[in-house]
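Q: I have this chain open on my screen and would like to understand one part of it properly. Please pick a helix and walk me through it and its surroundings.

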Amino acid sequence: MEWPKLPNGSVDWMTVFQAPNVGFIPLIEQSDTCEKLHACFLLIIDSLFTRTGDADVRRTYHETAADLFAGAADEQALSGQKVKLRMVMMRVMNDRTKRAHDHIEAKAKEIAASGDARVIDQNPTAALNV
């Protein structure tokens, strides 16, 4: 899957999660049954955590989903599940955004430490935009 990118080359996680009609959170909101919501959430988790080393994270989210979707499957349950999943997705989005920012900063510092004069102290990503 090709993820949308920011000018610095990192994934634009805000767009991935919040873009109207196609972002993960709007897709969750479009689910009109508990079964569709469950399937949508698992698809998102499987799309986000694809690496071999992510198996435990995927399993944890799948277990969380199993617990969340156990029981009633009516309209009231659907509404509550959407709220909970929206909170989970916001946490994942914020974590991904922070990790991307930290990675860009670390890369810029690495480049600066190597003596690359293109790095400007006020803009740690300047050397990455070459």
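A: What follows is a close look at helix α5, then at the parts of the chain around it.

A word on the numbers comes first. This is a predicted model, in which local features need pLDDT of at least 70 and side-chain atom pairs count only at pLDDT 80 or more, while totals for chains, interfaces and linings use all residues. Residues are numbered from 1 along each chain as its sequence is written, and side-chain values use heavy atoms, with hydrogens and water left out.

The chain has five helices and zero strands, so its elements read α-α-α-α-α from the N terminus on. Both kinds of element are DSSP runs, numbered from the N terminus: helices are H or I with at least four residues, and strands are E with at least two. Of the 130 residues in the chain, 35% are buried. Here buried means under 20% relative accessible area, exposed means over 50%, and partly exposed lies in between, using a 1.4 Å probe and protein chains only. Contact means heavy atoms within 4.5 Å; among contacts in the chain with a separation of 6 or more, 48% join residues 24 or more positions apart.

Now to α5 itself. The helix covers residues 75–113, which is 39 residues, and reaches 56 Å from its first C-alpha to its last, close to the 57 Å expected. That expected span is 1.5 Å times one less than the number of residues. At the N-terminal end, Asp74 acts as a cap, with a side-chain oxygen 3.3 Å from the backbone nitrogen of Gln76. Beyond the other end comes Gly115, whose phi is positive, near 90°.

Gln81 is a good residue to zoom in on, as it sits in helix α5. Its relative accessibility is 4%, so Gln81 counts as buried. Apart from neighbours within four places in sequence, Gln81 is in contact with Cys34, Leu37, Leu68, Phe69 and Ala72. Cys34 and Leu37 are also among the buried residues of α3.

Further along, Ala100 and Ile104 are in contact with Ser10, which also meets Pro4 and Lys5 once neighbours within four places are set aside. Ser10 belongs to the segment before α1 (13–18). Because its relative accessibility is 11%, Ser10 counts as buried.

Next, follow the helix to the largest pocket. A pocket is found on a 1 Å grid over the protein atoms alone, as an open set of points with protein on both sides within 12 Å along at least five of seven lines; lining residues have an atom within 4 Å of a point. The largest pocket holds about 630 Å³ of space, and 22 residues line it, with Trp13, Leu48, Arg51, Arg96 and Arg99 nearest its centre. The elements that give two or more residues to that lining are α3 (34–48), α4 (55–68) and α5. The largest share, seven residues, comes from α5. Sorted by class, the lining of the pocket has 10 nonpolar, six polar and six charged residues. In this sorting, Ala, Val, Leu, Ile, Met, Phe, Trp, Tyr, Cys and Pro count as nonpolar, Asp, Glu, Lys and Arg as charged, and the others, Gly among them, as polar.

Finally, a look at α3, which also contributes to the pocket lining. The 15 residues of α3 should span 21 Å at 1.5 Å a residue, and its end C-alpha atoms are indeed 21 Å apart. Its buried residues are Cys34, Leu37, Cys40, Phe41, Leu42, Ile44, Ile45 and Leu48. An α-helix has 3.6 residues a turn, so residues three or four places apart point the same way. What covers the buried residues of α3 includes α1, α2, α4 and α5.

Two residues of α3 are worth comparing. Cys40 counts as buried, because its relative accessibility is 16%, and beyond neighbours within four places it is in contact with Leu27, Ile28 and Ser31. Ala39, also in helix α3, has 46% relative accessibility and so counts as partly exposed. The C-alpha atoms of Ala39 and Ala65 are separated by 9.5 Å, although the two residues are 26 residues apart along the chain.

Technical notes. A polar contact is a pair of N or O atoms within 3.5 Å; within protein, one must be able to donate a hydrogen and the other to accept it, and residues adjacent in sequence count only if both atoms are side-chain atoms. On a 1 Å grid over the protein atoms alone, a cavity is a set of points where a 1.4 Å probe fits but cannot get out, and a pocket is an open set with protein on both sides within 12 Å along at least five of seven lines; lining residues have an atom within 4 Å of a point. Grid points are joined across faces, edges and corners, and a volume is the space filled by probe spheres set on the points.
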